[in-house]
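Please open the model in your viewer, with a cartoon for the backbone and sticks ready for individual residues. The stops below follow one another, and each begins with something to select.

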Amino acid sequence: VDRYAVFGNPIAQSKSPTIHQLFALQTEQDLTYDKILGQVGGFSASLAGFFADPYAKGCNVTMPFKEDAANWVTELSPAAQAAGAVNTISRLDNGGFRGDNTDGQGLVVDLENQQFLFADSNVLLIGAGGAAKGVVLPLLQKGLASLDIVNRTQVKAISLCDRFNDERLSGKSFEQVNREAKHYDLIVNCTSTSLQNELPPLSEEVISRAEHIYDMVYQSADTIFIAKAKQLDVKKTSDGLGMLVGQAAYSFFLWRGVMPKIQPVLDKLRVQL
Ligand code: ATR
């Protein structure tokens, strides 16, 4: 049977095998999906070892290997090219490997399912690392009014904006965003601050004025950022569990040609958190 896997380091915590096994059941596809600890500094060898098996048809790649994966594949999708990072690898019939990035689609589908995103939205992304990079193009393609990117190191936000030639983008410092105190329809935290139980230095005024607040991190309880938003009376908040299931669904579609239903799998995962 066809084999798939996710590579990361660490990897024990990964929910991808559970998600893909649920997708396989739901769509009646026969496949296996494992998690594999990638070797830092030896990731190419890990991948080559996996794909030496002709039944190995594809894999997901998570932290910290997404940039390495982009260098390893023989071709990149436009999304992976824009992100400079790959989360999905597919074996091609010609012996090559295609790298894709479904993180942005995963975020966008979750935002749309929850009605957090509209064509005239003014959006603020917090962070300019790998996670932010992957979602800029899919968000712009939704036709937003504006997309501000705020980062602790402002030059990184500006250079991220410079990668895309789009007037709706501006790279800002926290000081600037806090001073402007704009009303955002949506704020997305693309940093891992919540994992360290830290808050990005965004003023309470900016948070409380926002319509929708999204944190890419998910935990069994509210993340510190979501808890803060609720405390400031923001009514519509969400963690990133739907993005996780969404990116997996688009990977599954790339490999199997069938789009699984996201919601039933998300519901199952939510009760297991
Ligand atoms: P990822 O791939 O998860 O985005 P990354 O590329 O290391 O990881 O990027 C981490 C992001 O979180 C960066 O935008 C980082 O800001 P800097 O570029 O200034 O380092 C941001 N970040 C991390 N810890 C932070 C903190 N305590 N406050 C604000 N931003 C933080």
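Begin by selecting residues 186–189 and 212–215, which are strand S10 and strand S11 of this predicted model; the two strands pair in the parallel sense, and four bridges join them. If you show side chains here, Asn-189 is found opposite Asp-215, which belongs to S11.

Now extend the selection to the sheet around this pair, an open sheet of six strands with parallel pairing, whose order is S9-S8-S7-S10-S11-S12. At its edges are strand S9 (169–172) and strand S12 (236–238), each of which pairs on one side only. Looking across the sheet, you will find that neighbouring strands are turned against each other by 15° on average, if direction is ignored. Helix H7 packs on this sheet, where it touches strand S8 (146–150) as well as S9, and the direction of H7 makes about 165° with that of S9.

Next, select residues 154–162, which make up helix H7, and within them pick out Ala-157. Is Ala-157 buried or exposed? A residue counts as buried when 20 or more other C-beta atoms lie within 10 Å of its own, and Ala-157 is therefore buried, since it has 25 such neighbours. Leaving aside residues up to four places away in sequence, the contacts of Ala-157 are Ala-128, Ile-149, Val-150, Asn-151, Gly-171 and Lys-172. For one of these contacts, Gly-171, you may wish to draw a distance: the C-alpha atoms of Ala-157 and Gly-171 are 4.6 Å apart, although 14 residues separate the two in sequence.

Move then to residues 6–89, for which UniProt, in an unreviewed entry, lists "domain: Shikimate dehydrogenase substrate binding N-terminal". This span is 40% helix and 24% strand, and the C-alpha atoms at its two ends lie 10 Å apart.

Helix H2 is the next selection, at residues 43–51, and its buried residues are Phe-43, Ser-46 and Leu-47. Because these residues cover an arc of only 95° around the axis, they are on the same side of H2. Turn the helix to the face that points away from this buried side, and you will see the exposed residues Ala-45 and Ala-48. The cover over the buried residues of H2 includes strand S1 (2–8), strand S2 (31–37) and helix H3 (66–72).

For an antiparallel arrangement, select strand S3 (residues 56–61) together with strand S5 (residues 88–91), which are joined by three bridges. Gly-58 stands opposite Ser-90 of S5, and Ser-90 in turn stands opposite Arg-98, which lies in S6. Strand S6, at residues 97–100, pairs with S5 in the antiparallel sense over four bridges. S5 and S6 form a hairpin with five residues between them, and in its turn Gly-95 has a positive phi of about 90°.

Finally, zoom out to the whole protein, which has twelve helices and twelve strands. Its C-alpha atoms fill a box of roughly 55 × 40 × 35 Å along the principal axes. How does the radius of gyration fit, and what would a compact globule have? With 273 residues, a compact globule would be near 19 Å, and the protein agrees with this because its own value is 19 Å. Of these 273 residues, 44% count as buried, and among contacts with a separation of 6 or more, 65% come from residues 24 or more positions apart.

Conventions. Residues numbered from 1 in each chain as written. Predicted model: local features only at pLDDT ≥ 70, side-chain atom pairs only at ≥ 80, totals over all residues. Buried ≥ 20, exposed ≤ 12 C-beta atoms within 10 Å, placed from the backbone. Contact = placed C-beta atoms within 7 Å. UniProt positions renumbered as here; feature names shortened; annotations may be inferred. Pairing = 2+ DSSP bridges. Axes fitted to C-alpha atoms, helices over the stretch in contact; angles between N-to-C directions. Rg over C-alpha atoms; globule rule 2.2 N^0.38 Å. Arc of directions from axis to C-beta.
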